[in-house]
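Hi,

Here is the structure I promised to pass on. Have a look at it first, then read on for what turned up.

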Amino acid sequence: MKHEAEPITSFGKTYVATPAISFGGAVKNFYTQYSDFSSRSRRSEYWWAMLYVLIGEIALIYIFTFLNSDFEVFFSIASFFLFTLPTLSLSVRRLHDVDKSGWYLLLGYIPIIGWVILFIYHIRNSIVGENNWGVSPKYLEVEIPDGEV
């Protein structure tokens, strides 16, 4: 039996949570939205993509460790375009999803305290409904007919 999500009411509107994004969907969005610094990304998309980045970085390090040192520059460039730029974009969108500006990423330059604050923001649930950066990728607005609550 399929379990349906309970409706959530916020500011007079009713929303329902959508299923989490898959690993493949997160990786696809990671690359197709690499230059999108203005919308929102949900928690599952962020953490699946971070797993992909971890696996990819380990693979690149493993590959280039066994190659000639002439490939160090190529490794740096490949790593930047394959992982750093899309990760930056995704992190900004994740902060937008919890109603924080992308500038909050600068907290990462404050050792320990900044890292903890960013971690907390990245694990928080999506803000229900619309915020300054658009509609929620997690919660869809639905209309419930009268008497069906």
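A quick definition before anything else: helices (H or I, at least four residues) and strands (E, at least two) are DSSP runs, numbered from the N terminus. With that naming, Ser136 lies in the loop between α4 and β3. Keep in mind that this is a predicted model.

Let's stay with that loop for a moment. Is Ser136 buried or exposed? At a relative accessibility of 5%, Ser136 counts as buried, because the cut-off for buried is under 20%. Its side chain reaches two backbone nitrogens: that of Lys138 at 3.1 Å and that of Tyr139 at 3.0 Å. Leaving aside residues up to four places away in sequence, Ser136 touches Arg40, Asp97, Ser126, Ile127 and Gly129.

Asp97 deserves its own paragraph. This residue sits in helix α3 and is buried, with a relative accessible area of 0%. What does the side chain of Asp97 join in a polar contact? The partner is the side chain of Ser126, at 2.4 Å. Again not counting residues up to four places away in sequence, the residues Asp97 touches include Arg40, Arg42 and Arg43, along with Asn131 and Pro137. Ser136 is on that list too.

Next, helix α4, which covers residues 113-123. Its buried residues are Gly114, Leu118, Tyr121 and His122. Looking down the axis of α4, you'll find these buried residues within an arc of 95°, so they line one face of the helix. And what covers them? Among the elements that do so are α2 (43-65) and α3 (72-97).

Now the sheet. It is an open one of 3 strands, in the order β1-β2-β3, with antiparallel pairing. The edge strands are β1 (8-10) and β3 (139-142), each of which pairs on one side only. On average, and ignoring direction, neighbouring strands here are turned by 40° against each other. As general background, strands of a sheet pair through backbone hydrogen bonds, either parallel or antiparallel.

Strand by strand, it goes like this:

- β1 and β2 run antiparallel and are joined by 3 bridges; Ile8 has Tyr15 in β2 as its bridge partner.
- The hairpin of β1 and β2 has 2 residues between the strands, and Phe11 takes a positive phi near 55° there.
- β2 (residues 13-17) pairs with β3 in the antiparallel sense over 4 bridges, and Ala17 stands opposite Tyr139 in β3.

So Tyr139 turns up twice: its backbone nitrogen is reached by the side chain of Ser136, and in β3 it faces Ala17 across the pairing.

Last, the aromatics. How many aromatic pairs does the structure hold? There are 10. One of them is made by Phe80 and Phe81, whose ring centres are 5.1 Å apart with the planes at 80°, so this pair is edge-to-face. As for accessibility, Phe80 counts as partly exposed at 38%, while Phe81, at 55%, counts as exposed. There is also one aromatic cluster, formed by Phe23, Phe30, Tyr31, Trp48, Tyr52 and Phe83.

If you only open a few views, I'd start with Asp97 and its 2.4 Å contact to Ser126, then go to the loop with Ser136, and finish on the aromatic cluster that includes Trp48.

Cheers

Methods:
Residues numbered from 1 in each chain as written. Predicted model: local features only at pLDDT ≥ 70, side-chain atom pairs only at ≥ 80, totals over all residues. Heavy atoms only, no water. Buried < 20%, exposed > 50% of the residue type's maximum accessible area, 1.4 Å probe, protein only. Arc of directions from axis to C-beta. Contact = heavy atoms within 4.5 Å. Polar contact = N/O pair within 3.5 Å; in protein donor to acceptor, adjacent residues only side chain to side chain. Pairing = 2+ DSSP bridges. Axes fitted to C-alpha atoms, helices over the stretch in contact; angles between N-to-C directions. Phe/Tyr/Trp six-rings, centres within 6.5 Å; stacked < 30°, edge-to-face > 60°.
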